[in-house]
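Q: I would like to learn how to read the hollow spaces and the helix contacts of a protein model. Could you take me through them one feature at a time?

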Amino acid sequence: MLNKDKIKLGIAPIGWTNDDLPELGKENTFEQCVSEMALAGFTGTEIGNKYPKAPKVLKQALELRNMQICNCWFSTFFTTGEEAETIAAFTKQLDFLQAMGAKVIGCSEQGRGIQGKPYPIFGDQKPVFTKEEWQRLFTGMNKLGELAAARGMKCSLHHHMGTGIQTPEEIDIFMEGTNENVYLLFDSGHIYFSEGTQEAVDNLVEKYIDRIAHVHLKDVRKEKRVKTIEEEMSFLEAVKNGTFTVPGDGDIVFDKIFATLEKHNYEGWMLVEAEQDPAKANPLEYALKARDFIREKTGL
């Protein structure tokens, strides 16, 4: 069983309100979101677009519900040459997260990213970095890693569909080019969506377990992934079509993930993240479903 003293469970607000598709969950308030998270048995969350921006206000609202912030998305633009701007924004984000007591920041390299654009997510417009772009990314991320480490925090990379770090091969290049202060945010859903195999999921968590700083537990409905490819859907169209769901409700087998985390004494957060249309997938219902699945599989 996973160690209850080392692992905390959280859930992302994207099941209630979607930052990239504001029409999804526009009726759901911040208070409803965090209250239902707590009601479902989670103690951590990431930042959503409806969350209060002032740390004092946000912290008070979360403490009332025995909740805390554990991570926040951060977009980097090193490959497109925006190093100074990215570092300045990162420092500001670190200030906020440190004030909230978070220990991890999850970065996604958005240079030429297409996940928010109306392009087929499996088309030929996915960014493929040049050697020069990779080098700019390595240099920039190593700097962010040092800045985070100086604050007692961990800078991680969120591999993501529609970006230049999506496939196992791209993740390998990134991990080999960055130093020990740069970690991986392991996302079960994105690697399965990219590759379509259980093997890819299990291999990734096993290969980089010693550098995983944060875990996203996300499931994928295989038939929806196939439809995404056949109908040349964009990433956001795939989301609206129900490609993602909570762990235990799709086709990913999580046994190896949990076993690897247990074997290597993983310490940190496991966070349920499943971008869905809340009008079709009731957020509280699915949060409870995810919490029951994790309890059944891990004892947490």
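**Reading spaces and helix crossings**

A: Let us begin with the enclosed space, keeping in mind that this is a predicted model. In the lining of the largest cavity, helix H11 (residues 283-298) gives the most, with 3 residues.

Q: How many cavities of 30 Å³ or more does a search of the whole structure find, and which residues lie nearest the centre of the largest cavity?

A: A cavity is a space where a probe fits but cannot get out. Searching the whole structure for cavities of 30 Å³ or more gives 1, and the space in the largest cavity comes to about 100 Å³. Its lining is made up of 14 residues, and nearest the centre lie Ile11, Gly15, Trp16, Val246 and Ala274. Sorted by class, the lining of this cavity holds 11 nonpolar, 2 polar and 1 charged residues.

Q: What is the volume of the largest pocket, and which strand gives the most to its lining?

A: A pocket, unlike a cavity, is an open set of points. The largest pocket holds about 540 Å³ of space, and strand S4 (residues 73-76) is the element that gives the most to its lining, with 3 residues. The lining has 28 residues in total, with Ile14, Asp19, Asp20, Ile47 and Trp73 lying nearest the centre of the pocket. When these lining residues are divided by class, 9 are nonpolar, 13 are polar and 6 are charged.

Q: Which residues lie nearest the centre of the second largest pocket, and which strands each supply at least two residues of its lining?

A: The second largest pocket can be read in the same order, beginning with its volume, which is about 320 Å³. Around this pocket there are 18 lining residues, and those nearest its centre are Lys8, Lys103, Glu267, Gly268 and Trp269. At least two lining residues come from each of strand S1 (7-11), strand S3 (68-71) and strand S11 (268-272), and S3 gives the most, with 3 residues. The classes here are 8 nonpolar, 4 polar and 6 charged.

Q: Turning to the helices, at roughly what angle do the axes of H4 and H5 cross, and which residues of the two helices meet?

A: For a pair of helices one can ask how close the axes come, at what angle they cross, and which residues touch. The axes of helix H4 (residues 131-150) and helix H5 (residues 168-177) come within 9 Å, crossing at roughly 50 degrees, and that angle makes H4 oblique to H5. The crossing in which H4 passes H5 is right-handed. On the H4 side the contact involves Trp134, Leu137, Phe138, Met141 and Asn142, which meet Glu170, Ile173, Phe174 and Gly177 of H5. This contact comprises 6 nonpolar, 2 polar and 1 charged residues.

Q: What is the handedness of the crossing of H6 and H7, and which residues make the contact?

A: The same questions serve for this second pair. The axes of helix H6 (residues 188-195) and helix H7 (residues 198-207) cross at roughly 135 degrees and come within 8 Å, and these two helices are therefore oblique to each other. H6 and H7 form a right-handed crossing. Ser188, Ile191, Tyr192 and Glu195 of H6 make the contact with Gln198, Ala200, Val201 and Leu204 of H7. Counted by class, the contact of H6 with H7 has 5 nonpolar residues, 2 polar and 1 charged.

Note on methods. Residues are numbered from 1 along each chain as its sequence is written. This is a predicted model: local features need pLDDT of at least 70, side-chain atom pairs count only at pLDDT 80 or more; totals for chains, interfaces and linings use all residues. Side-chain values use heavy atoms; hydrogens and water are left out. Axes are lines fitted to C-alpha atoms, for helices over the stretch in contact, and angles run from 0 to 180 degrees between N-to-C directions. Helices (H or I, at least four residues) and strands (E, at least two) are DSSP runs, numbered from the N terminus. Angles under 35 degrees count as roughly parallel, over 145 as roughly antiparallel, 65 to 115 as roughly perpendicular and the rest as oblique. A crossing is left-handed if the near helix is turned anticlockwise from the far one by less than a right angle, and right-handed if clockwise. Contact means heavy atoms within 4.5 Å. Ala, Val, Leu, Ile, Met, Phe, Trp, Tyr, Cys and Pro count as nonpolar, Asp, Glu, Lys and Arg as charged, and the others, Gly among them, as polar. On a 1 Å grid over the protein atoms alone, a cavity is a set of points where a 1.4 Å probe fits but cannot get out, and a pocket is an open set with protein on both sides within 12 Å along at least five of seven lines; lining residues have an atom within 4 Å of a point. Grid points are joined across faces, edges and corners, and a volume is the space filled by probe spheres set on the points.
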